[in-house]
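Me: I am in my first year and would like a close look at a single part of this protein, the place where its two domains meet. Could you take me through it slowly, and then show me what lies around it?

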Amino acid sequence: MEFKNLLIEMSDGVATLTVNRPQALNALNSEVLTELECALYGLEQDAGAKTVVITGAGEKAFVAGADIKEMAAMTSYEGHQFALKGQRVMLFMEKMHTPVIAAVNGFALGGGLELALGCDFIYASAKAKLGFPEVTLGIMPGFGGTQNLSRLIGPNRANEMIFTGKVITAEKALAWGIVNEVFAPEELLAKARETAAAIAGVGTLGVGYAKDAIANGLNMTKEDGFRYEASLFGVLFATADQKEGMEAFVVKRKAVFQGK
Ligand code: CAA
């Protein structure tokens, strides 16, 4: 499928999805959000896409936010619908079994940071800048940022970032646990793809169910989370990948997983 604002490249079971609107620093307008929804849905259905890396086109930005020029004229109703539209993308990434890694190559501001936080984890370039400048525009984060950031780093640091609109460096984002690793700009995408390819090479059903258990378990009591984990663990014993993985271990050969 061809997209106007996205590029998708497949290699080694890894789909690299690039938000490609560099003239607007890859800002997310309604059209880009629709395309992201379609592309992610397609990738989830594609057995060849075992993991996804999301990045931004150009040297400067991952995604510089939701499109301010589009939002400027919105009514209250349209603003609400726009937030729900962006949130659908973030929630879809959380629900899809395919792991999604953000490779933050530059500015990740507002909706851009929300896109990164919607991924399963974030790698960043040393020159990345992250923040929630919404309050400087008279609004607040609307694509899940208040929820995802506070759950990730706790309310105090999330409050400081969101209330001040201050933009932080990749190093600080690393220290605060927003990003998992920081790389030299020229290494970032290769490192993200390397990790994505390593995940694509293991039992992806186990990875998908683990993602499901972590994401859903966070909204449960610990005991319910344990029960949910045990159920998914049991489901995996009905798969060919479980038989293959364990048999390969016993006879000392490399497992060949089929994702079924
Ligand atoms: N929306 C629309 N256009 C944007 C944009 C955005 N979020 N960010 C950048 N652009 C456009 C600029 O308007 C400019 O276009 P023109 O050449 O047509 O004027 C082009 O991208 C290049 O940007 P700059 O000239 O501003 O580049 P810079 O290097 O001087 O500054 C920047 C870079 C600091 C990232 C600056 O562009 C900026 O502050 N952008 C806005 C960041 C922001 O506030 N993001 C949050 C948006 S609100 C949101 O996301 C709500 C939500 O939670 C859902």
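Reply: Before any distance between domains is given, it helps to know that the domain bounds used here come from an automatic or database domain assignment. The model is a predicted one, and in it the assignment gives domain 1 as residues 6-200 and domain 2 as residues 204-251. Taken over C-alpha atoms, the centres of domain 1 and domain 2 are separated by 27 Å. Where they touch, domain 1 brings 13 residues to the contact and domain 2 brings 9 residues.

The area buried between domain 1 and domain 2 comes to about 700 Å², and carbon and sulfur atoms give 55% of that area. On the domain 1 side, Glu94, His97 and Ile199 together supply 63% of the area that this domain buries against domain 2, which is more than any other three residues supply.

Next come the polar and charged links across the interface. Between domain 1 and domain 2 there are 5 residue pairs in polar contact, counting pairs with both residues at pLDDT 80 or more. Two elements, helix 3 (76-95) and helix 8 (188-200), each give two or more residues to the side of domain 1 that touches domain 2, and helix 3 gives the largest share of that side, with 3 residues. Sorted by kind, the residues on this side of domain 1 divide into 6 nonpolar, 2 polar and 5 charged.

Side chains of opposite charge can pair when their charged atoms come close. Across the interface of domain 1 and domain 2, 1 salt bridge is found. A salt bridge joins Lys211 and Asp120, whose closest N and O atoms are 2.8 Å apart.

Looking at the whole model, the count of salt bridges comes to 9. One of them pairs Arg193 with Glu9, with the closest N and O atoms 3.3 Å apart. Because Arg193 lies in helix 8 and Glu9 in strand 1, this pair ties together parts that are 184 residues apart in sequence.

That pair leads on to the strands. Strand 1 (residues 6-11) pairs with strand 2 (residues 14-19) in the antiparallel sense over 6 bridges, and within this pairing Ile8 has Leu17 in strand 2 as its bridge partner. The two strands, strand 1 and strand 2, form a hairpin with 2 residues between them, and Asp12 in the turn has a positive phi of about 55 degrees.

There is also an open sheet of 4 strands, which has the order 4-6-8-9 and mixed pairing. Strand 4 (61-63) and strand 9 (168-169) stand at its edges with a single partner strand each, so one side of each is left without a neighbour in the sheet. The partner pairing of strand 8 (residues 129-131) with strand 9 is antiparallel and runs over 2 bridges, with Lys129 standing opposite Thr169 in strand 9.

Methods. Residues are numbered from 1 along each chain as its sequence is written. This is a predicted model: local features need pLDDT of at least 70, side-chain atom pairs count only at pLDDT 80 or more; totals for chains, interfaces and linings use all residues. Side-chain values use heavy atoms; hydrogens and water are left out. Contact means heavy atoms within 4.5 Å. Buried area is the accessible area (1.4 Å probe) that two parts lose on being put together, summed over both. A salt bridge is a side-chain nitrogen of Lys or Arg within 4 Å of a carboxyl oxygen of Asp or Glu. A polar contact is a pair of N or O atoms within 3.5 Å; within protein, one must be able to donate a hydrogen and the other to accept it, and residues adjacent in sequence count only if both atoms are side-chain atoms. Ala, Val, Leu, Ile, Met, Phe, Trp, Tyr, Cys and Pro count as nonpolar, Asp, Glu, Lys and Arg as charged, and the others, Gly among them, as polar. Two strands pair if DSSP finds at least two bridges between them.
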